[in-house]
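Here are some notes for a colleague who is meeting this structure for the first time. Please read them with the model open alongside.

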2 protein chains.
Amino acid sequence: MFFEGPEKKLEIQLAPSSLLDLRQLDPTFWETRVREAGALILSRISNEAVDAYLLSESSLFVYPKRVIMITCGRTHLATAARAMIDAWGEAIELLVYERKNEHFPEYQPSGFLDDARELAELLPARAWRFGSADGHRIQMLTSVRPHEAPADDRTLEILMHGIHPDAARMFGSHRGATTSPRKRAFDHLLNGFRVDAHHFEPTGYSMNAIDGPRYLTVHITPEEIASYVSFETNLDFGVDPKPWVERVRAVFEPQALDVLTFSKSAPAAFALDEHLTVGWAEEELDCGYHVAFRHFERRRDRADPAFELPLQPKL
Amino acid sequence: MFFEGPEKKLEIQLAPSSLLDLRQLDPTFWETRVREAGALILSRISNEAVDAYLLSESSLFVYPKRVIMITCGRTHLATAARAMIDAWGEAIELLVYERKNEHFPEYQPSGFLDDARELAELLPARAWRFGSADGHRIQMLTSVRPHEAPADDRTLEILMHGIHPDAARMFGSHRGATTSPRKRAFDHLLNGFRVDAHHFEPTGYSMNAIDGPRYLTVHITPEEIASYVSFETNLDFGVDPKPWVERVRAVFEPQALDVLTFSKSAPAAFALDEHLTVGWAEEELDCGYHVAFRHFERRRDRADPAFELPLQPKL
């Protein structure tokens with residue numbers, strides 16, 4: 001009846017001097033971490049730089065010294081994070097654990113602060129909220145160990161709510177239209193990437209794409225009750241994320257979206273053409289990244305009906 | 001360290017033909033209901049129409065055929081609601097059970113849908129969400145028994161987040177300035193009302209005010225991490241709630257606010273002078289009321305810093 005699209009995300013980077021190569025770990029290591037989080041590995045694509053796993057709940061990217069794990073639904077990513085901290089200890093130079101505000105937090109196995117406290121017992125870290133207590137927000141635990149981000153090391157997250165019904169239909173099933181302008185605009189985002197995509201039954205869509213060390217991942221929850229799409233990439237967007245945000249926004253036409261960037265220095269300030277900026281927070285973190293959060297809403301010119309909630313939701 | 005200001009609210013109306021008079025119930029009845037919800041009665045004022053109880057977590061208003069109970073923090077109002085349904089059964093003509101989106105839902109003893117399912121087993125009801133799944137919203141269970149609201153039966157809720165630091169200071173302690181223009185504007189709202197107010201230690205403020213059958217209640221959570229003020233009244237605001245909303249808004253100058261009205265027919269559409277309308281939902285409900293929800297945000301012209309969250313919050 002509904003699915004919790006908003007994700008948890010873990011990123012760990014090892015010290016360059018570490019002798020560990022995460023791609024050389026036994027495959028069962030990753031299977032176990034994924035299972036601990038409450039997900040399963042569906043498929044994998046690889047190139048010279050990265051292994052990209054598609055999960056039953058989102059994605060896992062493994063580099064020699066870096067891992068990015070994203071899980072949605074009712075997963076418990078903090079358990080997998082704890083196991084990684086236990087395994088790699090002092091070799092960890094950076095850890096970021098993020099949670100987006102959920103639609104139905106009452107169905108989550110834990111809250112952000114529960115997770116943050118659990119992980120902060122294992123390594124020195126600080127907890128942050130980007131955005132407001134009462135609205136769109138991303139909460140984040142970040143390590144305080146020394147780490148310097150390279151200038152081209154950027155991450156862009158575009159987190160979209162209330163997508164256009166045509167976009168929801170397009171990704172809602174295998175039989176969605178495949179030649180619409182919207183679909184072409186989506187495919188155009190993936191130019192040059194090797195793609196691994198999965199349609200879920202009865203609905204839902206996940207995709208990993210890689211090109212050398214660059215990844216791009218999209219997860220779509222089309223359900224009307226709380227539709228949601230996440231788009232994330234480490235493509236080098238330069239100082240101005242706006243062109244990428246506008247391209248992705250045009251495909252999904254969300255009612256609301258959050259944009260989160262990680263970069264060595266502050267990105268350009270930007271506004272969107274069809275949305276209002278209603279939340280905005282930036283911080284230079286101990287972990288070596290400048291983190292910038294923006295929350296946008298489309299202006300409404302008419303009332304929506306109230307949404308009738310199912311009293312017996314299927315989870 | 002933080003306190004959950006956003007409230008749960010229960011309203012029950014008995015059939016006019018019922019022989020029950022709720023004001024004649026033994027005082028232990030109300031003490032027990034309040035305790036079941038996880039709160040305590042602090043004080044009471046009465047007049048010919050109503051008994052107004054100030055609670056350790058918000059308020060209770062008892063009329064001969066109507067009860068309004070509002071609780072905040074980590075209370076479990078549904079337990080008290082269940083006991084009232086058990087006690088009055090078929091005499092109940094209307095039930096509305098509301099929950100505002102919380103700041104820290106992970107610390108709540110239950111979620112809205114848990115409560116709604118529990119109560120819907122006891123009387124025929126439907127569940128609604130006003131506002132978006134991803135942002136400001138009020139979720140509501142409403143009975144489907146026949147009920148016709150009188151034309152002057154109106155309720156106005158003004159729910160404010162991120163209040164002005166001067167307003168937070170003013171209500172944060174006994175020693176707040178008492179003669180500022182802001183305080184005078186607040187006092188002016190209460191003209192002609194009999195007032196029962198309580199300052200909490202170390203911070204927080206609650207107030208009931210009554211004038212004949214009219215009530216007005218204000219609850220203030222000044223903590224910086226998630227400041228919140230609720231203002232609610234059954235004063236007959238006519239068809240246009242805007243003048244009252246602007247008066248209350250001017251006292252607290254919130255970053256964001258929700259306005260919810262119950263009335264027999266649709267109120268006038270309105271916008272605010274200093275806020276953007278970002279959410280808007282209306283519905284004619286089976287329970288005899290037109291319910292209109294609006295969510296407003298103040299435009300931001302600069303980034304906020306990220307908020308450092310305490311890893312060991314005191315609840």
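How much area does chain A expose, and what share of it do carbon and sulfur atoms supply?

1. Chain A, in what is a predicted model, exposes about 11,600 Å², and carbon and sulfur atoms supply 51% of that area. Turning from the surface to the interior, buried residues account for 65% of the 315 residues in chain A.

2. As to overall form, the C-alpha atoms of chain A fill a box of roughly 55 × 40 × 35 Å when taken along the principal axes. A compact globule of 315 residues would have a radius of gyration near 20 Å, and because chain A has 19 Å, the value agrees with that expectation.

3. The secondary structure of chain A comes to six helices and 18 strands. Where contacts in chain A between residues at least 6 apart in sequence are considered, 67% of them join residues at least 24 apart.

4. Chain A carries 35 positive and 48 negative charges, and the mean positions of these two groups are 3 Å apart.

5. The interface with the second chain deserves its own point. In chain A, 56 residues are in contact with 56 residues of chain B, and the two chains bury about 4,700 Å² between them, with 54% of that area on carbon and sulfur atoms. On the chain A side, the residues that lose the most area to chain B are A:Asp134, A:Trp280 and A:Leu311, which together make up 15% of what that side buries.

Notes
Residues numbered from 1 in each chain as written. Chains lettered and ligands numbered in written order. Predicted model: local features only at pLDDT ≥ 70, side-chain atom pairs only at ≥ 80, totals over all residues. Heavy atoms only, no water. Helix = DSSP H or I, 4+ residues; strand = E, 2+ residues; numbered from the N terminus. Rg over C-alpha atoms; globule rule 2.2 N^0.38 Å. Buried < 20%, exposed > 50% of the residue type's maximum accessible area, 1.4 Å probe, protein only. Contact = heavy atoms within 4.5 Å. Areas by Shrake-Rupley, 256 points an atom, 1.4 Å probe, with all protein chains shown as cover. Lys, Arg positive; Asp, Glu negative; His and termini not counted. Charge placed at Lys NZ, Arg CZ, Asp CG, Glu CD. Buried area = accessible area lost by both parts, 1.4 Å probe.
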